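Here is a short briefing on one protein chain. Keep the sequence and the 3D view open while reading.

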Amino acid sequence: MSNKRIQELEKEIEHHKVLYYKGQTEIPDHEYDKLEDELRELSPDSPILKMVGSVVTAEDKVKHDEKMLSLAKTYKEDELATWMDGREAISMYKIDGMSCSLIYENGNLVLAKTRGDGTFGENITSKALWIDTIPNTIKEEKRIEVRGEIYCDEEHFFSLSDDMVALGLEKPTSQRNIVAGIISRKDHLQLSKKLTFKAFELLGDISVQTEVEKVKYLEAQGFETLEYTLHKDAKSLSKTIDEAKDFMAEGDYLIDGIVFSFNDQKWHRELGETAHHPRYKMAFKFQGESRETVIENILWQVSRNGILTPVANVKPVELSGAKISRVTLHNFGLVKQFELKQGDRIEIIRSGEVIPKFLEVVESSDEEFSYPKTCPSCDEEIEVVDIRLICRNSECPAIVKESILNYIQKIGIDDLSSKRLEELIRAKLVLKISDLYKLNMESLLTLDKVKEKLATKLLGAIEKSKTVDLVTFLSALGISGGAYNKCEKVVFAGHDSLEKVKSLTPDKLILIDGFAKKSADDFYLSLSEKFPLIEELESVGFSFEEVIKVETKVSNKKICITGSLSEKRSVIESKIRDASGIVVSSVSKNTDILVTNDQSSGSSKLKKAKDLGILIITEEELISMISS
Ligand SMILES: NC(=O)c1ccc[n+]([C@@H]2O[C@H](COP(=O)([O-])OP(=O)(O)OC[C@H]3O[C@@H](n4cnc5c(N)ncnc54)[C@H](O)[C@@H]3O)[C@@H](O)[C@H]2O)c1
Ligand SMILES: [Zn+2]
């Protein structure tokens, strides 16, 4: 019996592997993983379990210099901590795309290949040349190999899907399958343009001592890399795992876990690899469970920025121990792509306690597909912007309510629930954020079931919210792109008073770590729109607590950089900011320090600094000031 089952499983696993790597997946990953788990139990030495990827049948196959392996995986945080064993490790999201290896010689891309079966890959150079994030040339002259993941983000998935339909090709079924589908094509190479590559591994005669240095080296060569977190020990693991859960639910590209690698390369050499995976890396994955259910109806919820988010009410099912009756459908793009409607039988997934989400359509109903043309809250006409439906009416009741609610949650007014707020809005007691501060005992007592005790508590909580730190205050305003960590970066970059925040410009914002041209422009525009609100709040008597900053020799010093340094300028700039210094882009009489490694260069900044008698230091001197 057991032998027969082993053979069955081996056959089935092989079948799914072949389809999966062609982008034609038949079953969800967690179901596939169950097959592997069962086989591992019955026959731990089965060769199919040691197989990486699937066999390459393409004519144009190439041998890898070094095998491209898979990853060891765990679903448990304590197993991860045991594996770390007190060693320092870095973590990055595990992108769910397609492995790719790039070979550069004399600074030129000479070969791009897939992982294939780990020993032989398929030559995909002609497609890689279309991908903007794969540089055709790099500074490094030595032969190097860069490994990473090719993937398709959400926005590009929908537009690629439209492109493919327009070309008469089959409509892709998922963000993941589209990559393998496009990469294995012999025609329409230009479709690859909408794919993205992120690098995470480096091979060749380049000396790096740590994983962090590796990432910096890859960035200096012009590659996009994944954001990483350095873990000194296992204490910081839970926070990273929680963030990854959020990203799985809301991020714009697919991840299926987190990859941990020991930071010190010494451990990489010492631990080595098995035939299947390196021992110095570990993937943490979320165990998913999926179920089929039926869409009863689709509701469109209006968010504080006017975006309509589709949520499906489904026939209740039990999933990972919870009863599920609502499923997020993400955005209009997804609903349109799959023509989701009442009666559709769909598969939903819930991984690691994240919000259940739509996976695929099992059977489409005969109902006609439609989507709202007017806002469900204010009935005004809505705009279709790429993959989103947006209500532009600033007086839309839903937008007003959601933005006040967002403020209440971020600023921390406890005891004021969404229901209570709705009541206050209905009674016209609160129509904008600053109205919260005009509430008094008399007005609160007019509300249903509110007695003196509760009213006193509410008023106390509202009063208390006037004493906050500047970062919390800014993050509560609902600035677009102004999440807490972004506001923190702004304040820590020296814009640490309301006056300074009000005098921000896109030019100043772009100097801050984490801001690019577009995000700086968006933040600035949205911040300017909040000026009336800021003034109203100032007039009700807000006072700001000091934010804690590190004290170093460069604290609050305005520092300008000229000429090339040993690392990418952005890296040095973020070191300055981390040490509470302020990075400026030009030299003026307000500048405190100019950093240059070439005192005799013809740089105009250097000349000006000399004329103004500004302190001029080398990069080495800067680093020693920062670390003192
Ligand atoms: N549904 C199916 O039919 C089916 C069939 C076969 C395999 N699968 C799924 O495929 C997975 C196993 O496949 P696998 O062996 O290709 O590998 P894997 O998904 O376990 O992980 C290895 C790959 O992760 C990639 N990766 C992404 N981000 C990374 C990062 N930051 N650092 C390092 N690597 C990163 C690398 O390209 C690497 O090759 C399982 O999850 C399994 O469920 C599903
Ligand atoms: Zn509206």
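The points below cover two sheets, two nonpolar cores and a set of annotated positions.

This is a predicted model. One open sheet of four strands is antiparallel, and another open sheet of four strands is parallel. The largest nonpolar core has 73 residues. A UniProt "binding site" annotation, from an unreviewed entry, includes Glu31 and Tyr32.

**Antiparallel sheet**

- The strand order is 5-4-7-8, and the sheet is open.
- Strand 5 (108–114) and strand 8 (196–204) are the edges; each has a single partner strand, so one side of each is left without a neighbour in the sheet.
- Neighbouring strands are turned by 25° against each other on average, with direction ignored.
- Strand 4 (residues 98–105) runs antiparallel to strand 5, and six bridges join them.
- Within strand 5, alanine 112 faces leucine 102.

**Parallel sheet**

- Here the order is 22-21-23-24, again in an open sheet of four strands.
- Strand 22 (582–584) and strand 24 (615–617) form the edges, each pairing on one side only.
- From one strand to the next, the twist averages 30°.
- Strand 21 (residues 558–561) and strand 22 run parallel and are joined by three bridges.
- Isoleucine 582 in strand 22 sits opposite lysine 558.

**Nonpolar cores**

- In the core of 73 residues, Ile559 and Leu594 have the most contacts inside it.
- Helix 12 (residues 397–411) contributes the most to this core, giving seven residues.
- Leucine 594 touches Cys560, Thr562, Val587, Lys605, Leu606, Ala609, Ile614 and Ile616, leaving aside residues up to four places away in sequence.
- Another core, of 53 residues, lies apart from the largest one; Ile131, Ile150, Ile178 and Leu195 are among its members.

**Annotated positions**

- The UniProt record (unreviewed entry) assigns "binding site" to Asp29, His30, Glu31, Tyr32, Asp33, Ser70, Leu71, Arg115, Glu149 and Lys285.
- Glutamate 31 belongs to helix 2 (residues 29–42).
- Glutamate 31 has 13 other C-beta atoms within 10 Å, so this residue counts as partly exposed.
- Tyrosine 32 is also placed in helix 2.
- Tyrosine 32 is partly exposed because 17 other C-beta atoms lie within 10 Å, whereas a buried residue needs 20 or more.
- Tyrosine 32 touches His16 and Ile27, not counting residues up to four places away in sequence.

Definitions and conventions
Residues numbered from 1 in each chain as written. Chains lettered and ligands numbered in written order. Predicted model: local features only at pLDDT ≥ 70, side-chain atom pairs only at ≥ 80, totals over all residues. Pairing = 2+ DSSP bridges. Helix = DSSP H or I, 4+ residues; strand = E, 2+ residues; numbered from the N terminus. Axes fitted to C-alpha atoms, helices over the stretch in contact; angles between N-to-C directions. Core = buried A, V, L, I, M, F, W, Y, C linked by C-beta atoms within 7 Å. Buried ≥ 20, exposed ≤ 12 C-beta atoms within 10 Å, placed from the backbone. Contact = placed C-beta atoms within 7 Å. UniProt positions renumbered as here; feature names shortened; annotations may be inferred.
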